Amino acid sequence: MKLKFATLLLCLLPLIAMSQTIKIQGTVVDDSDGTPLPGVTVSLEGTSSTTATDYDGQYEITASHKGTLVFTYVGMATERRAFSSSSTINVRMSEDMQELSELVVVGYGTMRKSDLTGSVASIGADKLKKTPAANLDQALQGRAAGVTVNAN
């Protein structure tokens, strides 16, 4: 009877070891001035586990095995940090101006240039200054093809 119990225990040991979760937490700050970065996407590479930093730049994510955390934020260089056990991983993100050239502001958000299917027009401040207009909607009227400006 003791032999059967010991055998059963040895068979369940790998399942117990695999069911342990790894808890990773930390803070993400700006490298230039140390201010916390809210809204940084923290994801576990190769899985769909994702979280975001809170107002104070703090995050918490759990994983079932060791791996790599990927930190992404608009205008900042992507950071990768490997982990193997429960720990605190604090990250300092630096600016990446090259990333900003790949974004286009549309309506109420942003999207990558590669995802954009329409056309994009840019009207510089120098062209707006040359136009005698009382307000912005009048200055924009007729400056970009296919754009109609309505004043409410």
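**View 1. Val70 and Arg80 face each other across the E5–E6 pairing.** In this predicted model, Val70 has Arg80 as its bridge partner in E6. Five bridges hold E5 and E6 together, and the two strands run antiparallel. Another rung to look for is Phe71, whose bridge partner in E6 is Glu79. On the E2 side, Val70 turns up again as the bridge partner of Ser43. E2 and E5 are joined by four bridges and also run antiparallel.

**View 2. The E5–E6 hairpin and its turn.** Six residues sit between E5 and E6 in this hairpin, and Gly75 in the turn has a positive phi of about 85 degrees. Thr78 also belongs to the loop between E5 and E6. How exposed is Thr78? With a relative accessible area of 41%, Thr78 is partly exposed. Setting aside residues up to four places away in sequence, Thr78 touches Val70, Phe71 and Thr72.

**View 3. Four strands in an open sheet.** Read across the sheet and the order is E3-E2-E5-E6, with antiparallel pairing. Which strands stand at the edges? Those are strand E3 (50-52) and strand E6 (79-83); each has a single partner strand, so one side of each is left without a neighbour in the sheet. On average, neighbouring strands here are turned by 20 degrees against each other, direction ignored. As a reminder for anyone tracing the ladder, strands of a sheet pair through backbone hydrogen bonds, either parallel or antiparallel.

**View 4. Strand E1 and its partners.** E1 pairs with E4 in the antiparallel sense, over six bridges. Ile22 is a handy place to start, standing opposite Ala63 in E4. With strand E7 (residues 87-88), E1 runs parallel and shares two bridges; there, Ile24 has Ser87 as its bridge partner. E1 and E8 run parallel too, joined by three bridges. Along that pairing, look for Asp30 opposite Met93 in E8.

**View 5. An aromatic pair, Tyr59 with Phe71.** How many aromatic pairs does a search of the whole structure find? One. The pair is edge-to-face, with Tyr59 and Phe71 at 5.5 Å centre to centre and 75 degrees between the planes. It links distant parts of the chain: Tyr59 comes from strand E4 (residues 58-63) and Phe71 from strand E5 (residues 67-72), 12 residues apart. Are these two residues buried or exposed? Both Tyr59 and Phe71 are buried.

**View 6. The largest nonpolar core, with Leu69 picked out.** This core has 17 residues, and the ones that touch the most other members are Ile24, Val28, Tyr59, Leu69, Phe71, Phe83 and Met93. Strand E1 (22-30), strand E2 (41-44), E4, E5 and E8 each supply at least two of the core residues. Zoom in on Leu69 and there's plenty to label: beyond residues up to four places away in sequence, Leu69 touches a set including Ile24, Val42, Leu44, Tyr59, Ile61, Phe83 and Ile89. Its contacts also include Ser43, Glu79, Arg80 and Arg81.

**View 7. Asp96, in the loop after E8.** Asp96 lies in the loop between E8 and helix H2 (97-100). Why does Asp96 count as buried? Its relative accessibility is 18%, and buried means under 20%. Leaving aside its neighbours within four places in sequence, Asp96 is in contact with Gly75, Met76 and Ala77. Thr78 makes a useful landmark for this view: the C-alpha atoms of Thr78 and Asp96 are separated by 8.7 Å, with the two residues 18 apart along the chain.

**View 8. Ala121, and a word on confidence.** Ala121 sits in the loop between E10 and helix H3 (125-130). With a relative accessible area of 57%, Ala121 is exposed. Ala121 and Arg143 are 22 residues apart in sequence and 9.1 Å apart in space, C-alpha to C-alpha. Keep the pLDDT in mind while browsing: strand E10 (residues 109-112) has the lowest confidence, at a mean of 57, whereas strand E8 (residues 91-93) has the highest, at 94. For the protein chain, the mean pLDDT is 79, and 72% of the residues reach 70 or more.

Terms used: Residues are numbered from 1 along each chain as its sequence is written. This is a predicted model: local features need pLDDT of at least 70, side-chain atom pairs count only at pLDDT 80 or more; totals for chains, interfaces and linings use all residues. Side-chain values use heavy atoms; hydrogens and water are left out. pLDDT is the predictor's confidence in each residue, from 0 to 100. Rings of Phe, Tyr and Trp (its six-membered ring) pair if their centres lie within 6.5 Å; planes under 30 degrees apart count as stacked, over 60 as edge-to-face and the rest as tilted. Buried means under 20% relative accessible area, exposed over 50%, partly exposed in between (1.4 Å probe, protein chains only). Two strands pair if DSSP finds at least two bridges between them. Axes are lines fitted to C-alpha atoms, for helices over the stretch in contact, and angles run from 0 to 180 degrees between N-to-C directions. A nonpolar core is a set of buried Ala, Val, Leu, Ile, Met, Phe, Trp, Tyr and Cys residues joined through side-chain atoms within 4.5 Å. Contact means heavy atoms within 4.5 Å.
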